[in-house]
Amino acid sequence: MHPRPPALPISNNARDSLRHATASLHERVDACMPLARPDATLDDYHRHLAMLRAWVHGLRQLRPSLAPRLAQVAGALDADLTQCRQILDQPTPCYSAAPNPQSTRWTAPAQADDFDWGIAYVMEGSRLGGQVLYRRLCESLAPHRLDYLRGAGSLTGPRWKTFLAELGDALDTPQRIQRACDGAVMAFQLLLHCHAGGKTTAEATS
């Protein structure tokens, strides 16, 4: 199995437990993503999207139960990648770090619904974080619209609050929260796995 997060101050507060379990991984991801550079360019944004696209593809392989949510995210990434290719006139970098679905490192427990809530927490948090990046980059990277980072715009915050309410209702025991933490940890580890896999100059595949 993939490593468990550090021992939690177990409570029924799902959000606090998930944040605690993923804090160090979140910091590592924030530091290594292409847009972490203060002078990020459109090429960095292109690579950022390509890495996220590889991540979503890996999650779809591992968690078919999340296919509808992940397909929506993949579609938004693909649309923005197309615009990047047109503006930069270069192929999309391909991050080739797809996990082996048979590896125990990426195996979900039997109670996969709880595990999937943890992955969804990371996905929704990523979209919320995109708003911060959008505000920082929207002028410097124009004329690209940065549609993926913009996401739902002003509706992103209310959407996050609704998600947290649903999360709290679903994860109503310490055991369920722990399984969700395992899923969130796996999602962050997979993104780091994609980053470590590097890129080629080949066109990204869906």
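What volume does the largest pocket have? About 680 Å³, and that pocket is a good place to start the tour. Keep in mind as you click around that this is a predicted model.

**Stop 1: the largest pocket**

Select H26, D30, G125, S126 and G129, which lie nearest the centre of the largest pocket. They belong to a lining of 28 residues. Now colour by helix: helix 1 (14–32), helix 2, helix 4, helix 5 (147–150) and helix 7 (174–196) each put at least two residues into that lining. Helix 4 has the largest share, with 10 residues. If you switch to colouring by residue class, the pocket lining splits into 17 nonpolar, 7 polar and 4 charged residues.

**Stop 2: the cavity**

Stay with helix 4 and turn to the enclosed space. Searching the whole structure for cavities of 30 Å³ or more turns up 1. The volume of this largest cavity is about 40 Å³. To see its walls, select R69, V73, M123, E124, R127 and R159. Helix 3 and helix 4 are the elements that contribute two or more residues here, and helix 4 gives the most, with 3. How do the lining residues of the largest cavity divide by class? There are 2 nonpolar, no polar and 4 charged ones.

**Stop 3: helix 4 against helix 6**

Next, show helix 4 (residues 112–137) together with helix 6 (residues 156–170). Their axes come within 10 Å and cross at roughly 165 degrees. Since angles over 145 degrees count as roughly antiparallel, that is the label for helix 4 and helix 6. The crossing of this pair is left-handed.

For the contact itself, put up sticks for W117, A120, Y121, E124, G125, R127, L128 and Q131 on the helix 4 side. Opposite them, in helix 6, are T156, G157, R159, W160, F163, E166, L167 and A170. By class this contact has 8 nonpolar, 4 polar and 4 charged residues. Some names should ring a bell: E124, R127 and R159 are in this contact and also line the largest cavity, while G125 is in the contact and is among the residues nearest the centre of the largest pocket.

**Stop 4: Y134 and the loop after helix 4**

Select Y134, still in helix 4. Which residues does Y134 contact once its neighbours within four places in sequence are left aside? They are R145, L146, L149 and R150. For a distance to check in the viewer, try Y134 to D147: the two are 13 residues apart in sequence and 8.7 Å apart in space, C-alpha to C-alpha.

While you're here, zoom in on P143, in the loop between helix 4 and helix 5. Most peptide bonds are trans. The bond from A142 to P143, however, is cis, with omega near 20 degrees.

**Stop 5: helix 2 and its two partners**

Now bring up helix 2 (residues 42–62) with helix 3 (residues 67–88). They pack at about 150 degrees, and their axes are 9 Å apart. That makes helix 2 and helix 3 roughly antiparallel to each other, and the crossing is left-handed. On helix 2, pick residues including L42, Y45, L49, L52, V56 and L59; their counterparts on helix 3 include L70, V73, L77, L81, C84 and L88. The whole contact counts 16 nonpolar, 1 polar and 6 charged residues.

Keep helix 2, hide helix 3 and show helix 7. Here the axes are again 9 Å apart, with a packing angle of about 130 degrees. This makes helix 2 oblique to helix 7. The handedness of this crossing is right-handed. Select M51, L52, A54, W55, G58, L59 and L62 in helix 2, then M186, A187, L190, L191, C194 and H195 in helix 7. That contact divides into 11 nonpolar, 2 polar and no charged residues. L52 and L59 take part here and in the contact with helix 3 too.

**Last stop: D89**

Finish at D89, in the loop between helix 3 and strand 1 (94–95). Most residues other than glycine have a negative phi. For D89, phi is positive, near 55 degrees.

Conventions
Residues numbered from 1 in each chain as written. Predicted model: local features only at pLDDT ≥ 70, side-chain atom pairs only at ≥ 80, totals over all residues. Heavy atoms only, no water. Axes fitted to C-alpha atoms, helices over the stretch in contact; angles between N-to-C directions. Helix = DSSP H or I, 4+ residues; strand = E, 2+ residues; numbered from the N terminus. Parallel < 35°, antiparallel > 145°, perpendicular 65-115°, else oblique. Left-handed = near helix turned anticlockwise from the far one by under 90°. Contact = heavy atoms within 4.5 Å. Nonpolar A, V, L, I, M, F, W, Y, C, P; charged D, E, K, R; others polar. 1 Å grid on protein atoms, 1.4 Å probe; cavity = no way out; pocket = protein on both sides within 12 Å on 5 of 7 lines; lining within 4 Å. Points joined across faces, edges and corners; volume = space filled by probe spheres on them.
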